[in-house]
Amino acid sequence: MSIRSWLFRGAKLFYLIFLFLGLACTSQSENQATQNLSSSDKMRYNQYIVYGQQLYKQNCSNCHQEDGTGLGKVIPPLVQADYMLNELGRTACIIKYGLEGEIEVNGTDYNQIMPAHDDLTALEIAQIITYIGNSWGNEAGYISVKETESYLDSCRVY
């Protein structure tokens with residue numbers, strides 16, 4: 001068998017493995033809120049989940065923990081967090097501009113400063129919100145960059 005034939009077979013095998021892994025990731029992240037997305041939005045949603053997870057690990061997991069459980073009574077959880085899920089626009093603004101003062105999350109009061117991440121773009125914030133909004137049992141669905149830009153344009157002090 002020629003080298004070219006081996007390379008072709010190797011490329012086909014790599015493609016099949018990549019396709020299989022992609023489908024496995026898709027089925028893990030799909031939920032009620034994402035079932036009726038168009039194929040292009042599903043593709044974007046899956047990309048946002050992957051990039052959002054990376055951005056979350058870099059920017060958020062030190063405080064909110066990798067599993068979104070927060071840090072006791074110091075840092076609020078993101079798991080089923082009513083404060084976050086009830087108003088995603090507010091969540092986008094808090095990620096971008098930070099938060100000072102007391103907040104209540106799932107019946108518990110928190111009063112720790114959340115630092116601003118003003119270096120993050122609207123796309124990166126959309127990816128983070130899509131990731132955290134669809135992880136750990138959350139089902140917020142796909143949050144587009146256009147939605148996020150609209151949220152950020154209308155930020156007010158929270």
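This tour goes through a predicted model in two stops, a pocket and a salt bridge.

Begin with the largest pocket, whose volume is about 420 Å³. Select H64, P76, L78, I94 and M114, which of the 26 residues lining this pocket are the closest to its centre. With these five shown as sticks, colour the elements that each give two or more residues to the lining, namely the helices α2 (39–59), α3 (61–64), α4 (82–85) and α5 (88–97), together with the strand β1 (103–105). Which element gives the largest share of the lining? Select α5, since that helix provides three residues, the largest share.

Next, colour the lining of the largest pocket by residue class: 20 of its residues are nonpolar and six are polar, while no charged residue is found among them.

For the second stop, return to helix α2 and select D41 and R44, which form a salt bridge whose closest N and O atoms are 2.7 Å apart. A search of the whole structure finds one salt bridge, so within the 4 Å cut-off there is no further pair of this kind to look for. In general, side chains of opposite charge can pair when their charged atoms come close. Here the two residues lie three apart in helix α2, and therefore about one helical turn separates D41 from R44.

Finally, switch on the surface and ask how each partner stands towards the outside, buried or exposed? D41 is partly exposed, with a relative accessible area of 23%, and R44 is likewise partly exposed, with a value of 31%.

Definitions and conventions: Residues are numbered from 1 along each chain as its sequence is written. This is a predicted model: local features need pLDDT of at least 70, side-chain atom pairs count only at pLDDT 80 or more; totals for chains, interfaces and linings use all residues. Side-chain values use heavy atoms; hydrogens and water are left out. On a 1 Å grid over the protein atoms alone, a cavity is a set of points where a 1.4 Å probe fits but cannot get out, and a pocket is an open set with protein on both sides within 12 Å along at least five of seven lines; lining residues have an atom within 4 Å of a point. Grid points are joined across faces, edges and corners, and a volume is the space filled by probe spheres set on the points. Helices (H or I, at least four residues) and strands (E, at least two) are DSSP runs, numbered from the N terminus. Ala, Val, Leu, Ile, Met, Phe, Trp, Tyr, Cys and Pro count as nonpolar, Asp, Glu, Lys and Arg as charged, and the others, Gly among them, as polar. A salt bridge is a side-chain nitrogen of Lys or Arg within 4 Å of a carboxyl oxygen of Asp or Glu. Buried means under 20% relative accessible area, exposed over 50%, partly exposed in between (1.4 Å probe, protein chains only).
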